[in-house]
Amino acid sequence: MLKNPSSKYQPFPLINIPNRQWPSRHLTHAPIWCSVDLRDGNQALAVPMNVSQKLDMFDALVQCGFKEIEVGFPSASNTEFQFNRRLIEEKRIPEDVTIQCLVQAREDLIEKTVESLIGAKQVVIHMYNSTSPAQRKYVFGKSKEEIIAVAVKGAQMIKDRLHRLTAGGTKVTLQYSPESFSATEVEFAKEISEAVMDVWQPTPENKMILNLPDTVEVAMPNVYADQIEWICTNIKNRESLIISLHTHNDRGTGTAATELGLLAGADRVEGTLFGNGERTGNLDIVQVAMNLYMHGIDPKLDFSDMSGLISMYERTTGMTVPPRQPYAGELVFTAFSGSHQDAIKKGLAGYEQHKSIWDVPYLTIDPEDIGREYREVIRVNSQSGKGGVAYLLESEFGIELPKDMQREFGPLANDIVDKLGREVTAAELKGMFWKEYIERESPYSLHHFHADGVDGVFTCRCSLVINGKERGITGKGNGPIAAFAQALIQEAGAPAFEVATYREQSLSSGTEASALAYIQIKTTSGKTIWGAGVDTNIELASIKAVLSAVNRAA
Ligand SMILES: CC(=O)SCCNC(=O)CCNC(=O)[C@H](O)C(C)(C)COP(=O)(O)OP(=O)(O)OC[C@H]1O[C@@H](n2cnc3c(N)ncnc32)[C@H](O)[C@@H]1OP(=O)(O)O
Ligand SMILES: CC(C)C(=O)C(=O)O
Ligand SMILES: [Mg+2]
């Protein structure tokens, strides 16, 4: 049993904002995106990516439309340093893409970082130092003033080396992160950020990025939004800053914190594909971008080949995308349960007709938009209903069961699937349908059938095998089906029945076209039973359907 937590943990203090604005705003456009897959995502892997894996991912990120990519921590290792050199020397960075590198406020590391970036067209140098009370106390053993001094000294060390890059024509943007911002007193976060601004002297024409990380989620997302709004409102020279969000997911609310942070006034978002990153991960950028998309806002990122992106991600990171990951997971567009399948089937049919605003129940977006197929939407197990069964038979094999026949076959299929205790494929469902209707040959099976009509009166002659013995029978009626029904009842001993419903459809399989006929018969006791028959000849298909129903009734 969990112990009473009240003596060990405490709630996070609220931020005092008397007139907060973010709750009544809404999002209208995409933020500036920065992928940190190759740095924050990479540093969280048991086996960090090698250079060729990083190149593979870099190309994919560019393909998605990222214009800012944090490519690494070049002072951390030779691999990280060499990755920058390959990107730059092999001219792999598109003209409109800026690479970003992270560094601590330490001279040797800054030196190495600058060296790794020589020759690039445009870069962001991202310096951080941690500011929260716990970090100040345990990690650095420093007072607030001393922590500010670390940041200021680091900012100056970077400034002093800028000419090494700018002399070669590199455009440099500077970024500062008071790491652990969300656990830091807002007043102190403002003070240290302004101290860095004093060194870097940003202007509206030459802005710096102030990244405000939710390094470890410590509070609810509304608190993070308050922190962001507080900084946006109170920091000096706001117009010279690009306010950036960098959330993690420790409390499972990275996406919510980012969205509320954007409402609170931020301009930019850092995150990773599918949320790879330290501990529970970084913000999943796919989620925030697709959340904008589902509200009709162009996210300015292209996730139209989600499966391709997942393969790249799994290949380069060794991680997997969980099946219920929003938008990307294998099961997010899948319905097993009957009522959902029924609603989706009807919703898709309705959408096909109006083709305007997406309003299909249970599907947040059209799976086709991200390259997913409708065939994965409806899958059948014991929780499924007739709608799902009918959808699969129709979408995979073109078998359009009459609505009333769905009511009969649905429960029969459900019973078999329940006994199997697993999901079944469309082919298995077709097999069940064939066994139940098409392949019914007992007690009657048809050997030969012929019908002629004179003046609207049809005479049929056929041979049946009845309980193993061949027998010829004849009958008359106003059509071949009626004539056959009479022959069955009067000469073959079938119980009296009448044909209640008849439907036919063509069915193509491969090059061979055939007909599928559905017949519903009604017995004298009022019971209705369906039968189905397949043949290249439509008349024979309907005769077989009658026999299928009579056999099922027997
Ligand atoms: C929230 C984040 O994701 S921050 C990014 C974290 N990413 C990484 O750490 C991945 C790459 N890091 C590395 O490869 C290594 O840690 C290096 C190369 C940066 C540094 O390596 P080392 O100096 O050997 O070791 P280490 O990381 O333990 O250094 C800790 C020292 O740096 C200090 N330090 C930590 N962060 C900072 C900072 N941002 N600015 C200045 N000093 C810092 C610590 O106080 C500590 O000082 P101490 O030795 O006086 O106690
Ligand atoms: C270095 C910073 C931005 C970081 O990754 C974090 O605080 O989570
Ligand atoms: Mg981080």
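Two strands are said to pair if DSSP finds at least two bridges between them. Strands themselves are DSSP runs of E with at least two residues, helices are runs of H or I with at least four, and both are numbered from the N terminus.

Before I apply these terms, a word on the source. This is a predicted model, in which local features need pLDDT of at least 70 and side-chain atom pairs count only at pLDDT 80 or more, while totals for chains, interfaces and linings use all residues. Residues are numbered from 1 along each chain as its sequence is written, and chains are lettered from A and ligands numbered from 1 in the order in which they are written.

I begin with the open sheet. Its 3 strands have the order 9-10-11, and their pairing is antiparallel. Strand 9 and strand 11 (469–477) are at the edges with a single partner strand each, so one side of each has no neighbour in the sheet. From one strand to the next, the twist averages 15°; such angles run from 0 to 180 degrees between N-to-C directions, with axes fitted as lines to C-alpha atoms, for helices over the stretch in contact. Strand 10 (residues 457–466) is joined to strand 11 by 9 bridges, and C462 stands opposite I473 of strand 11. Helix 16 (residues 480–491) packs on this sheet and touches strand 9, strand 10 and strand 11, its direction making about 125° with that of strand 11. Contact here means that the C-beta atoms of two residues, placed from the backbone, lie within 7 Å.

I turn next to the barrel. How many strands close into it? There are 8, in the order 1-2-3-4-5-6-7-8, and the pairing is parallel. Neighbouring strands of this sheet are turned by 25° against each other on average, direction ignored. Strand 5 and strand 6 pair over 2 bridges, and Y176 stands opposite L210 in strand 6. Helix 7 (residues 186–200) packs on the sheet, where it touches strand 5 and strand 6.

These two strands lead us to a ligand. Strand 5 (171–179) and strand 6 (208–214) each supply at least two residues of the shell around ligand 2. Among the residues around ligand 2 are D40, E179, N211, H246 and H248, where near means that a C-beta atom, placed from the backbone, lies within 6 Å. The shell divides into 3 nonpolar, 5 polar and 2 charged residues. In this scheme Ala, Val, Leu, Ile, Met, Phe, Trp, Tyr, Cys and Pro are nonpolar, Asp, Glu, Lys and Arg are charged, and the others, Gly among them, are polar.

My last topic is backbone geometry. Most residues other than glycine have a negative phi, and most peptide bonds are trans. Which sign does phi of S180 have? It is positive, near 65°, and S180 lies in the loop between strand 5 and helix 7. S180 is buried, because 23 other C-beta atoms lie within 10 Å; the cut-off for buried is 20 or more such atoms within 10 Å, exposed means 12 or fewer, partly exposed is in between, and C-beta atoms are placed from the backbone. F274 also has a positive phi, about 60°, and its place is the loop between strand 8 (268–271) and helix 10 (285–293). F274 counts as buried, with 28 C-beta neighbours inside 10 Å. Finally, the peptide bond from S442 to P443 is cis, with omega near 5°.
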